[in-house]
Amino acid sequence: DGTVVVVGGGLAAARTISTLRRKKFTGPIELITAEEHLPYDRPPLSKDVLRGERDQTALPFDTEKLGVRVHTGTAATGLDTEGRRLHTTGGEFTYDGLVLATGADPVRVPGDGPQLTLRTLDDALALRARLQPGARVVLIGASWIGAEVATVAAARGAEVTCLEAGDVPLGVALGTEVARHLLPWWSDIDLRCGTSVAQVRRDGVELADGTALPADVVVTGIGVRPAVGWLAGSGLQIDRGVLTDERCRTGAPGVVALGDAAQRWSPRTGRHELIEHWDDAGAAAATAVAALLTEDPPAFDPAPYFWSDQFGRKIQYVGRHGAGDTVSIQTTDAGDLDSVQWIDAAGTLTAWLGVDRPRDVVAARTAVGLPAETETAALSN
Ligand code: FAD
């Protein structure tokens, strides 16, 4: 077996390495990660860690048992696909197989004032220390991260203001009609929709209309961008993430990409999809490993799945809806959002969302992509 070099220190990297060993790969494995930590999990950062219930979220990763040489605090800086050489801040590595799993970096707003983002364990611990009772916390973006941070910040007694450019929280992700049903959840937050931020200043936030909003803590949660800038000039095809086929293969021999850094071809949708969910980053590892070890790995193109814990509820979402889909919204007797189905013009169930309906997720994962009328019965009661 040759040498496999894995770049990244998240779920995609950790799962790829454990799968390589499970598949009896016996060659050397080098892990290159920019962070000082061994691979850890991110979803708990905005949940358990921020609440103060955990201080670390290490993934199962026994360096010795796995036989991995780990290079922490080492960033990949360039790639020569012809010479099969990876350049890093810690020197050069040659590879037979290379796994690109560098994840994504938070997008920031302009301004030189202090602006926290939440992507790493260190980010989470730094933010937690600032979420004190009475602290004036301004969140930029009522996104998934914004909603989870708002939940914890309010529970810790902070005075939370959330600035959202759109009409409703999560309007872009879910569509206004569905997202409107989540508005009541924000009752303890000073939520200001239709509000754009010009810049973060030393003492707070300046809005697009020039209004100054003082803040003790500013947290930006307006999305992420695949961490692939270092691959410029490598010859790899990059759109937003590294483009791969439905088998995690880039165009370069021996190079695979997965997780938040990758944009994988989806035969299901006919385009390259940037998925950005925990489930996909882990599940794609089996395919990435098969692509490294065999000539003809099976295609990987499941309906995407993610969850979010916010305001005491669990949202779960399966599939991906289209802008023109028909939306069918079910509410509880009390009028709370219960579940949503999106159905396209051909009558196919494209996506399902449930609120506190964890038992329906398995059924939804089977039903998405199939004709709606035959598949929704199991989901709707
Ligand atoms: P990452 O976990 O981002 O790991 C990438 C690693 O690569 C990082 O350690 C990074 O430092 C390193 N790296 C980057 N560039 C370089 C370089 N040049 N050289 C070396 N190393 C580099 N998803 C859900 O489905 N549900 C949730 O509830 C949910 N909650 C989340 C909460 C938070 C706070 C965050 C940040 C994410 C959440 N996600 C959630 C998304 C999920 O965590 C990601 O989809 C997942 O972490 C992607 O894994 P990854 O291994 O591709 O990338």
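Strands are DSSP runs of at least two residues, numbered from the N terminus. In this predicted model, Ile343 belongs to one of them, strand E24, which covers residues 337–343. Ile343 counts as buried because 20 C-beta neighbours lie inside 10 Å, and the cut-off for a buried residue is 20 or more. Beyond the residues up to four places away in sequence, Ile343 touches Asp325, Thr326 and Ser328. Contacts of Ile343 also include Thr348, Leu349, Thr350 and Ala372. Ile140 lies 203 residues from Ile343 along the chain. The C-alpha atoms of this pair are separated by 32 Å.

The domain layout comes next. The chain is divided into three parts: domain 1 (4–105 + 224–293), domain 2 (108–220) and domain 3 (312–379). Between the centres of domain 1 and domain 3, taken over C-alpha atoms, the separation is 31 Å.

The ligand is surrounded by 37 residues. The closest are Gly10, Ala12, Arg42, Gly103 and Gly259. Domain 1 and domain 2 each contribute at least three residues to this shell. At least two residues apiece come from helix H1 (11–22), helix H8 (278–293) and strand E21 (305–310). Sorted by class, the shell holds 21 nonpolar residues, 10 polar residues and six charged residues.

Helices H1 and H8 also pack against each other. Their axes lie 8 Å apart, at an angle of about 35 degrees. The crossing is right-handed. On H1, the contact is made by Leu11, Ala12, Arg15, Thr16, Thr19 and Leu20. On H8, the contact residues are Trp278, Ala281, Gly282, Ala284, Ala285, Ala286, Ala288 and Val289. Of the residues in this contact, 10 are nonpolar, three are polar and one is charged. Ala12 thus appears in two settings: it is among the closest residues to the ligand and belongs to the H1 side of the helix contact.

Gly241 was examined as a loop position. The loop that holds Gly241 runs between strand E16 (224–226) and strand E17 (242–244). Gly241 is buried, because 28 other C-beta atoms lie within 10 Å. Leaving aside neighbours within four places in sequence, Gly241 is in contact with Pro226, Val228, Ala261, Ala262, Gln263 and Leu274. One of these partners, Ala262, is 21 residues from Gly241 along the chain. The C-alpha atoms of Gly241 and Ala262 are separated by 4.7 Å.

Definitions and conventions:
Residues are numbered from 1 along each chain as its sequence is written. This is a predicted model: local features need pLDDT of at least 70, side-chain atom pairs count only at pLDDT 80 or more; totals for chains, interfaces and linings use all residues. Domain bounds come from an automatic or database domain assignment. A residue is near a molecule or strand if its C-beta atom, placed from the backbone, lies within 6 Å of it. Helices (H or I, at least four residues) and strands (E, at least two) are DSSP runs, numbered from the N terminus. Ala, Val, Leu, Ile, Met, Phe, Trp, Tyr, Cys and Pro count as nonpolar, Asp, Glu, Lys and Arg as charged, and the others, Gly among them, as polar. Axes are lines fitted to C-alpha atoms, for helices over the stretch in contact, and angles run from 0 to 180 degrees between N-to-C directions. A crossing is left-handed if the near helix is turned anticlockwise from the far one by less than a right angle, and right-handed if clockwise. Two residues are in contact if their C-beta atoms, placed from the backbone, lie within 7 Å. A residue is buried if 20 or more other C-beta atoms lie within 10 Å of its own, exposed if 12 or fewer, and partly exposed in between; C-beta atoms are placed from the backbone.
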